[in-house]
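Student: I should like to go through this structure and ask, for each label, what justifies it.
Tutor: Please bring the model up, and we shall set each value against its criterion.

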Amino acid sequence: MPAGRGPILSLSRLTKRFGPATAVDAIDLEVRDGEFLTIVGPSGCGKTTLLRMLAGLEQPSDGEIVLRGRAINDLPPNRRPTCLVFQSLALFPHRTVGENIAFPLKVKGMPPAAREARARELMRLMRLPEHHFARNVLRCSGGERQRVALARAFAYDPEILFFDEPLSALDYKLKKTLEKELKDIHKESGKTFIYITHSLEEAMVMSDRIAVMNAGRIVQVGTPEEIYTRPVNRFVAEFMGEVNVLPARRGAGGLYASDEVPGAFRVAGGAAETGFIVVRPEFLRLVESREAADNVIEAQLYNSYSLGSRQQYRVRAGDKSLVLEQSRATGRAPALDTRVLVGWDSRDGLFVEG
Amino acid sequence: MVVSGSAIEDTARRRERHRLLSVGARCAIPVYLLLATGFLAPLVAIIGFSFATPRGYDAFRTFTLANYATIFDPANTVWTSFARSLVLAGLTVAILAVLAYPIAYGLARVFGRWSGLVSLLFVFPLFVSENIRLYGWVLFFIKGGVLDGTLNALGLPGGPDLLFTPAATLFGMVYVYLPFMLFPMTLGLSMVPNDLIEAGRDMGASRLQIWREIELPLAMPGILIGMLLTFVLAVGAVAESKVLGGQSIIVITHDIEIAFTYAQNWPLGSALAVLLMLVVGVLTFAGIAGLDLDRILGRR
């Protein structure tokens with residue numbers, strides 16, 4: 001993340017109501033100049049509405065959008081220095097690849113020769129084959145269309161690029177390639193990217209920072225690492241990947257007790273009295289003795305699943321089912337339905353509010 | 001499984017037979033028969049009559065170009081009827097295009113759940129015969145009629161003397177053919193994805209640029225279909241010039257009707273009809289050639 005640069009975009013109490021429903025609920029957020037920020041949340045959490053307000057396609061009900069110190073609430077989309085890459089990509093089907101890319105330049109009034117040269121330059125930048133210039137966009141493959149949409153957005157030369165899940169319709173392999181490509185393009189261009197997705201994986205791979213959204217509010221903002229290892233509540237913990245959740249309350253001596261699994265546990269904690277202990281599967285491990293980890297519980301090994309490089313186990317402790325993952329190289333596989341000891345260190349567990 | 005050579009040949013031969021008349025073609029036979037007897041046969045009869053001896057009924061037995069010669073005789077002024085029909089139809093299409101566009105835009109983008117009701121209002125008059133609706137307009141425009149009478153009652157000078165003028169004919173045609181322009185145009189406009197318009201706006205285009213660069217070209221198939229439909233219908237229109245125009249303007253269809261009825265000159269009427277078909281056909285194909293569906297659908 002480029003350090004020392006100020007915010008490019010600040011949202012204060014930004015709100016959107018549709019009739020009685022509140023889609024975006026008083027959001028405060030600062031976007032740093034040049035960062036790749038991903039807003040991630042389940043479908044219906046209001047992330048698309050938020051993005052549409054930033055692009056100017058939706059009028060806020062309340063609050064303010066400030067771009068480099070200037071409120072832009074009333075600026076129409078065609079006068080904002082921002083560009084949105086739509087989920088559908090919104091390529092013009094009656095135009096060629098070249099005409100699509102040159103569209104923002106054409107409406108700006110750039111002469112034909114100059115805009116063709118610029119469009120060809122952008123095609124090279126996006127690694128689109130030269131001979132696609134005069135081809136109809138609908139005859140391009142999914143990945144090529146992504147690049148055309150991106151090239152067109154760059155032709156507009158915006159200060160901020162918005163992305164509304166443009167990769168969601170692609171197959172897994174192509175998606176993985178394009179995610180990294182997009183991050184590379186972000187690095188090369190130095191522009192601010194705001195990306196929305198419901199896919200945790202996408203968010204983790206590309207972002208400098210992630211903002212997790214739920215029910216119209218931003219729940220947590222932080223680096224992918226922070227969000228993953230230090231979720232502020234159960235929602236974030238569960239949203240950011242597979243996790244073991246134990247309902248617990250604060251007991252004596254800074255230990256936490258759970259009704260579902262007997263024992264008192266030492267974990268990194270918050271201030272609340274009741275909440276949940278969350279432990280990621282990779283932080284749980286099979287141990288030999290009760291002294292091998294800060295917290296150890298007794299369980300039955302229920303089943304084992306191969307994840308390629310890692311092995312996943314499901315164990316039962318009391319009524320509770322827990323998931324743990326180990327690298328394939330670590331240790332032997334115990335027999336199913338035998339008694340095992342499962343442990344984790346106090347710094348790897350976290351006590352969060354519901 | 002072992003399949004002998006002859007069995008394979010048998011299958012191949014059976015396939016060959018099937019290919020002569022596919023399932024679809026066989027299912028279409030009744031429609032082909034209906035089209036042949038109800039559509040193609042009268043057309044062939046008309047073409048046959050157009051080459052028969054003038055004022056005779058011996059189609060297919062005689063062949064003469066006398067009827068066409070009569071039409072192209074410099075002394076004959078029937079070409080003015082052709083010209084009037086084409087000009088009237090052209091004006092109707094032009095006026096309708098401008099008039100229907102805002103309504104179609106409203107139906108496709110603005111009215112939302114009300115567009116069903118608005119469409120119904122435009123369809124409703126079609127349930128009443130065209131002639132009756134035109135007579136309704138006569139009652140509206142006539143001296144002492146709805147318009148004139150109302151204005152008089154309000155102490156204003158009477159309504160304008162519109163009835164039985166070429167303008168009244170044009171008005172009638174615009175009125176009658178509005179739905180035929182409106183609905184294809186609405187369909188065309190609603191086929192323009194909203195995303196594209198928003199994207200255009202987001203990339204700096206003004207409303208006028210969006211209309212010219214995105215909306216109009218993408219809605220063009222619907223608009224062209226509406227224009228072709230109304231043009232073909234308007235060229236063949238006759239009731240408007242008779243009822244509202246009071247024959248102040250003679251259109252080609254009127255001449256054809258006269259030839260078939262009062263003049264009892266079927267061959268001349270047929271020759272006029274064939275010429276009209278040719279003119280309209282050529283103009284229509286020229287229009288369709290401009291409608292490049294392949295490009296719009298991205299097949300090229």
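The dialogue below takes up burial, pairing, overall form and backbone angles in turn.

Student: What kind of model is this, and which residues are used for local features?
Tutor: This is a predicted model, and local features need pLDDT of at least 70.

Student: How do you know that the length of helix H3 of chain A agrees with that of a helix?
Tutor: Helix H3 covers residues 112-125 of chain A, and at 1.5 Å a residue its 14 residues should span 20 Å; the end C-alpha atoms are 20 Å apart, which agrees.

Student: What makes the buried residues of H3(A) a single face?
Tutor: The buried residues are Arg115(A), Ala119(A), Leu122(A) and Met123(A). Viewed down the axis of H3(A), they fall within an arc of 105 degrees, so they line one face of the helix. The face turned away from the buried side carries Ala113(A), Ala114(A) and Arg124(A), which are exposed.

Student: Which helices are included in what covers the buried residues of H3(A)?
Tutor: The cover includes helix H2 (97-108) and helix H4 (142-155) of chain A.

Student: Why is strand S8 of chain A called largely enclosed?
Tutor: A residue counts as buried when 20 or more other C-beta atoms lie within 10 Å of its own. In S8(A), residues 192-197, 6 of the 6 residues are buried, so the strand is largely enclosed by the rest of the structure. Both faces are covered: Thr192(A), Ile194(A) and Ile196(A) are buried on one side, and Phe193(A), Tyr195(A) and Thr197(A) on the other.

Student: How do you know that S8(A) is paired with strands S3 and S7 of chain A?
Tutor: Pairing requires at least two bridges between two strands. Strand S3 (residues 36-40) of chain A is joined to S8(A) by 5 bridges, and the two run parallel; Val40(A) has Thr197(A) as its bridge partner. Strand S7 (residues 160-164) of chain A is likewise joined to S8(A) by 5 bridges, in parallel, and there Phe162(A) has Ile194(A) as its bridge partner.

Student: What unit do S7(A), helix H5 and S8(A) make?
Tutor: With helix H5 (residues 172-189) of chain A, the strands S7(A) and S8(A) make a right-handed β-α-β unit.

Student: What makes S13 and S20 of chain A edge strands?
Tutor: They belong to an open sheet of 5 strands in chain A, with the order S13-S12-S11-S14-S20 and antiparallel pairing. Strand S13 (264-265) and strand S20 (349-352) are its edge strands, as each pairs on one side only.

Student: How do you know that S12 and S13 of chain A pair?
Tutor: The criterion is at least two bridges, and strand S12 (residues 256-258) of chain A shares 2 bridges with S13(A) in the antiparallel sense. Tyr256(A) stands opposite Phe265(A) in S13(A).

Student: How does the radius of gyration of chain B stand against that of a compact globule?
Tutor: A compact globule of 300 residues would have a radius of gyration near 19 Å, but chain B has 26 Å. Its C-alpha trace spans about 100 × 70 × 35 Å along the principal axes. Chain B has 14 helices and 0 strands, and 29% of its 300 residues count as buried.

Student: Why is Ala89(B) called buried?
Tutor: Ala89(B) has 24 C-beta neighbours inside 10 Å and therefore counts as buried. The residue lies in helix H4 (residues 78-110) of chain B. Beyond its neighbours within four places in sequence, Ala89(B) is in contact with Phe231(B), Ala234(B) and Val235(B).

Student: Which element gives the most to the side of chain A that touches chain B?
Tutor: The contact takes 20 residues from chain A and 18 residues from chain B. H2(A) gives the most to the side of chain A that touches chain B, with 4 residues.

Student: Why is Arg13(A) called exposed, whereas Asp157(A) is called partly exposed?
Tutor: The limit for an exposed residue is 12 or fewer other C-beta atoms within 10 Å. Arg13(A) has 12 and is therefore exposed, whereas Asp157(A), with 15, counts as partly exposed. Arg13(A) is placed in strand S1 (residues 7-18) of chain A, and Asp157(A) in the loop between H4 and S7 of chain A.

Student: What are the phi values of these two residues?
Tutor: Arg13(A) has a positive phi of about 45 degrees although it is not a glycine. For Asp157(A), also a residue other than glycine, phi is positive and near 55 degrees.

Key: Residues are numbered from 1 along each chain as its sequence is written. Chains are lettered from A and ligands numbered from 1 in the order in which they are written. This is a predicted model: local features need pLDDT of at least 70, side-chain atom pairs count only at pLDDT 80 or more; totals for chains, interfaces and linings use all residues. The expected span of a helix is 1.5 Å times one less than its number of residues. The arc is that of the directions from the helix axis to the C-beta atoms. Two residues are in contact if their C-beta atoms, placed from the backbone, lie within 7 Å. A crossover is right-handed if, with the strands pointing away from the viewer, the path from the first strand over the helix to the second runs clockwise. The radius of gyration is taken over C-alpha atoms; the globule rule is 2.2 Å times the number of residues to the power 0.38.
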